[in-house]
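Please look over the sequence and the three-dimensional structure shown below. The paragraphs that follow lead through a few of its features, one at a time.

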Amino acid sequence: MLELREISFAYSDRKVIDAISLRLPQGAHLAVIGESGCGKSTLLKLIYGLYDLDQGEIHYDDEPVLGPKFNLIPGMDFMKYLAQDFDLMPFITVAENVGKYLSNIYKDKKQARVQELLELVEMTEYAHVKAQFLSGGQQQRVALARVLALEPKVLLLDEPFSQIDTFRRNNLRRNLFKHLKAHNITCIFATHDSTDILSFADQVAVMKQGQIIRQDTPHGLYQNPQTYEIASLLGEVSEIPERFLDDPGSSKTVLLFPDQLQTTAQSRLQPTVVKSYYNGSGYLVEAVYEKGKVFFENPHFLEAGTVVSLVRKTTR
Ligand SMILES: Nc1ncnc2c1ncn2[C@@H]1O[C@H](COP(=O)(O)OP(=O)(O)OP(=O)(O)O)[C@@H](O)[C@H]1O
């Protein structure tokens, strides 16, 4: 169990982390989301023990996580942290980077482990290439393999797939999170990517100005984001007065993602199409009505100027 108890931290006099508490059971995957500058990276660094807390405590299985004031080499042994800069050694090979912290006593074992990790991140063919000759995305994959090498109990990843192209990214995150579950490794990852959040997290922590303002499962968050601010971290969202949907007498509004709306023969919500954006499986349609913009998914292209009737899809 990883536990944060009311932790606070300021870089100088401005509080960046404000009384955050969190409990994460072993093997759980937590996505940390929030707009740029809200404190995600700082939170990961504090959990790793790179800075001293101003207030509060961090414990892992009742062992305190200590900052540099109390720890000669900052960073706890049982954790690994992958920063946004990958910190590879440029003049040694990919394989040497991955195996850098592995013992040399059992050479065969070390080689097999490096090979296994390079397969996981699909970098086997670059094993003997020096890190300085890799692209940003390739460096990120090698850096991921390196933090896994010593089998940490807790893995902290700061936007781990940000530089990796879509094709590799999909495969890589499936491989990575499967590996982490198989080895019961706790993972906390900061991300802006909605697929990372929805498909790979067990829990999501939403941060705002140094605080966790919401913690929920991806499903709970998507079905009931509660605020426009939170919903917009997961994708395009429309805030629609309920009187246009199911309840003519309501004065409330509801937040709906594009896949939660569909066209129908006749309804109270009748926006005019502005533009249809092809997205592979169909179209994301932007439309306007008297209360503003609405986005919905449609299997076919709709001409600008078309008036449609929309209803809420029944919840899945
Ligand atoms: N070393 C530092 N010294 C002083 N201020 C810092 C330092 N690092 C970050 N900050 C400030 O602390 C705040 C939180 O930064 P942090 O990098 O944790 O945010 P973030 O949510 O990870 O952002 P992003 O999504 O852009 O990576 C920001 O206002 C940032 O400018």
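The structure holds zero disulfides, and it should be kept in mind throughout that this is a predicted model. Why does Cys-38 form no bond with Cys-187? A disulfide requires two cysteine sulfur atoms within 2.5 Å. The cysteine sulfur closest to that of Cys-38 belongs to Cys-187, and because the two are 17 Å apart, the separation is too great for a bond. Cys-187 is likewise in no disulfide, since its nearest cysteine sulfur is that of Cys-38, 17 Å away.

Are these two cysteines buried or exposed? A residue is called buried when its relative accessible area is under 20%. Cys-38 has a relative accessibility of 5% and therefore counts as buried. Cys-187 has a relative accessibility of 0%, so Cys-187 counts as buried too.

Cys-38 also leads to the ligand, because its backbone takes part in the surroundings of that molecule: a polar backbone atom of Cys-38 is 3.2 Å from an oxygen atom of the ligand. Side chains approach the ligand as well. A polar side-chain atom of Arg-14 lies 2.6 Å from a ligand oxygen atom, and an N or O atom in the side chain of Gln-84 is 3.2 Å from an oxygen atom of the ligand. On its own, the ligand has 640 Å² of accessible area, of which the protein covers 62%.

How many residues surround the ligand? There are 14, and the closest are Arg-14, Ser-36, Lys-40, Ser-41 and Thr-42. By character, the shell divides into three nonpolar, seven polar and four charged residues. Helix 1, which spans residues 40-48, supplies the largest share of this shell, namely three residues.

The last stop is Tyr-277, which is found in strand 14, a strand made up of residues 272-278. With a relative accessible area of 36%, Tyr-277 is partly exposed; this follows because the partly exposed class lies between the limits of 20% and 50%. Which residues does Tyr-277 touch, leaving aside those up to four places away in sequence? They are Gly-282, Tyr-283, Leu-284 and Glu-286. With Glu-286 there is also a polar contact of 3.0 Å, which joins the two side chains. Finally, Tyr-277 may be set beside Asp-165: the two residues are 112 residues apart along the chain, and their C-alpha atoms are separated by 21 Å.

Note on methods:
Residues numbered from 1 in each chain as written. Predicted model: local features only at pLDDT ≥ 70, side-chain atom pairs only at ≥ 80, totals over all residues. Heavy atoms only, no water. Near = heavy atom within 4 Å. Polar contact = N/O pair within 3.5 Å; in protein donor to acceptor, adjacent residues only side chain to side chain. Areas by Shrake-Rupley, 256 points an atom, 1.4 Å probe, with all protein chains shown as cover. Helix = DSSP H or I, 4+ residues; strand = E, 2+ residues; numbered from the N terminus. Nonpolar A, V, L, I, M, F, W, Y, C, P; charged D, E, K, R; others polar. Buried < 20%, exposed > 50% of the residue type's maximum accessible area, 1.4 Å probe, protein only. Contact = heavy atoms within 4.5 Å.
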